[in-house]
Amino acid sequence: VLDLGCGAGASLGLLRNELGLKGLGLDLSPVMLGKTKDVLPGRPPLVQAAAENLPLKDACLNAVLCECVLSLMPDQDRVLAEIARVLRPGGYLLCSDLFARASDPPFAGHTGPRCCLDGALPREGWVKLIHDHGLSVSLWQDQTRALARFSVELIFAHGSLAAFWQGLLPGETACRAAQQAKALRPGYFILAARKE
């Protein structure tokens with residue numbers, strides 16, 4: 001199982017240590033991969049690479065886990081093409097991410113620093129994009145209530161959502177992210193899709 005955008009390794013640890021799966025972590029950031037090495041015992045297999053160009057053979061994986069990664073990608077189409085390429089027939093994409101609940105998401109085509117709201121598509125957009133790459137969505141769960149609870153936790157931790165965005169993103173991008181959040185009315189989903 002590939003943990004695409006494994007970050008500091010929390011999900012990779014779950015895959016390997018609690019579920020007993022052969023988990024491979026991939027992230028573009030050497031800093032995040034370094035944190036993974038600190039968190040996980042032993043020497044978990046880690047690869048530093050871009051999601052748009054996976055250094056893996058065709059049809060070599062049973063599953064790809066992709067948590068809050070696709071919305072960050074400037075070329076979601078290319079990332080999904082790579083996921084479909086490395087999945088075996090019958091393999092699964094397990095994904096969680098943001099989706100736009102607004103009917104007409106604003107801010108398309110922004111070229112500055114990205115945040116997760118930049119790539120949030122409406123539900124229909126996500127399903128179509130995934131289907132276009134030969135993957136059939138078998139499960140879609142709207143977990144927006146969990147996102148709302150998480151937002152409340154961020155407000156308590158940072159004083160406000162504006163303070164959270166300012167701590168996370170540089171100047172104008174933080175302001176744009178706060179405006180996007182209001183306009184997009186973001187939701188949070190979990191999906192499973194199977195390669196046909």
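Two strands count as paired if DSSP finds at least two bridges between them. In this predicted model, strand E1 (residues 2–4) and strand E4 (residues 61–67) are joined by three bridges and run parallel. The points below place this pair in its sheet, then turn to the helices and to the residue Asp77.

**The sheet**
- Strands of a sheet pair through backbone hydrogen bonds, either parallel or antiparallel.
- Seven strands form an open sheet in the order E3-E2-E1-E4-E5-E7-E6, and their pairing is mixed.
- Strand E3 (46–48) and strand E6 (135–142) stand at the edges with a single partner strand each, so one side of each has no neighbour in the sheet.
- From one strand to the next, the twist averages 20 degrees.
- Within the pairing of E1 with E4, Leu4 has Cys66 in E4 as its bridge partner.

**Helices across the sheet**
- Helix H3 (residues 76–86) lies across E1, E4, strand E5 (87–100) and strand E7 (186–195). The direction of H3 is at about 150 degrees to E5.
- Helix H4 (residues 123–131) lies across E5, E6 and E7, and runs at about 155 degrees to E6.

**Asp77 in helix H3**
- Asp77 belongs to helix H3.
- The relative accessible area of Asp77 is 41%, which means that this residue is partly exposed, as that class lies between the limits of 20% and 50%.
- Leaving aside residues up to four places away in sequence, Asp77 touches Leu129 and His133.
- Asp77 and Leu129 are 52 residues apart along the chain, yet their C-alpha atoms are separated by 7.1 Å.

How values were computed
Residues are numbered from 1 along each chain as its sequence is written. This is a predicted model: local features need pLDDT of at least 70, side-chain atom pairs count only at pLDDT 80 or more; totals for chains, interfaces and linings use all residues. Side-chain values use heavy atoms; hydrogens and water are left out. Helices (H or I, at least four residues) and strands (E, at least two) are DSSP runs, numbered from the N terminus. Buried means under 20% relative accessible area, exposed over 50%, partly exposed in between (1.4 Å probe, protein chains only). Contact means heavy atoms within 4.5 Å. Axes are lines fitted to C-alpha atoms, for helices over the stretch in contact, and angles run from 0 to 180 degrees between N-to-C directions.
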